[in-house]
Amino acid sequence: MHVTPNSGEAIGALPPLEAYANAPDLRREMHQVLALGAEREGRQAGPDTGPLVDATAAERAWLLRRAALMDRMALDSPGPVAAAAETAEQLVQHDRRHPDLVAGPHHPDAITLAPGHRLYVRQEYAAWTAAGRPGI
C-alpha cells in the first residue's frame, strides 16, 4: 500500500525562505512573469536569442513562476491566498498531464494536506532553481 505524506514534515518540504532563497525580489519577478505571460499570449514578442525551448517546458516554467510569485505574495499578506491556491492548482494540473517535468521528489498528488498545493509549488520551485531554471 502506498502511504501518502500528509504534512510538510512528512515530505521534507522546505520552508518558504529556503524554497525561494534564489528567487528574484517580488517586484522584478512580477514584471518577468507578466512579460512571460504577454509573450505566451502573443501580446509581446519574445527574445530572438538563444536556443529554442520546448513549449511544454516553457509553459510549465511560466506556471511555476506564477504560482511561486503568488505563494510568496500570500506569505506577506492574506489577500492573495485564494490566487496562490488557484495558480498552484494550475501547476498541479499541468504536472499531472506531464509527469516527466516534475522536478522534485514528490508528485503533486502525494502532497494532500497543504491547502492549494502550495507546499508542492515550493518543492518544485526549489528543485527548478537547483536544476538551473530549465524552460526559460
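Visitor: Is the crossing of α5 and α6 left-handed or right-handed?

Guide: Happy to start there, keeping in mind that this is a predicted model. The axes of α5 and α6 come within 9 Å of each other and cross at roughly 65°. As for its hand, the crossing is left-handed.

Visitor: How do the residues of the contact of α5 with α6 divide into nonpolar, polar and charged?

Guide: Let's look at who meets whom. From α5 come Val 81, Ala 84, Ala 88, Leu 91, Val 92 and Asp 95, and facing them in α6 are Arg 118, Tyr 120, Val 121 and Glu 124. The contact divides into seven nonpolar, no polar and three charged residues.

Visitor: Which helix gives the most to the largest nonpolar core?

Guide: That core has 20 residues, and Leu 64 is among those that touch the most other members. Helices α4, α5 and α6 each supply at least two of its residues. With seven residues, the top contributor is α4.

Visitor: Why is the pair of Tyr 20 and Tyr 125 classed as it is?

Guide: A good one for a chemist! The ring centres lie 5.3 Å apart, inside the 6.5 Å limit for a pair. The planes stand at 65°, and over 60 degrees is the cut-off that matters here, so the pair is edge-to-face.

Visitor: Which residues form one aromatic cluster?

Guide: The rings of Tyr 125 and Trp 128 have centres 5.5 Å apart and planes at 50°, so this pair is tilted. Both residues lie in helix α6, three residues apart, and both are buried. The cluster is formed by Tyr 20, Tyr 125 and Trp 128.

Definitions and conventions: Residues numbered from 1 in each chain as written. Predicted model: local features only at pLDDT ≥ 70, side-chain atom pairs only at ≥ 80, totals over all residues. Heavy atoms only, no water. Core = buried A, V, L, I, M, F, W, Y, C linked by side-chain atoms within 4.5 Å. Buried < 20%, exposed > 50% of the residue type's maximum accessible area, 1.4 Å probe, protein only. Helix = DSSP H or I, 4+ residues; strand = E, 2+ residues; numbered from the N terminus. Axes fitted to C-alpha atoms, helices over the stretch in contact; angles between N-to-C directions. Left-handed = near helix turned anticlockwise from the far one by under 90°. Contact = heavy atoms within 4.5 Å. Nonpolar A, V, L, I, M, F, W, Y, C, P; charged D, E, K, R; others polar. Phe/Tyr/Trp six-rings, centres within 6.5 Å; stacked < 30°, edge-to-face > 60°.
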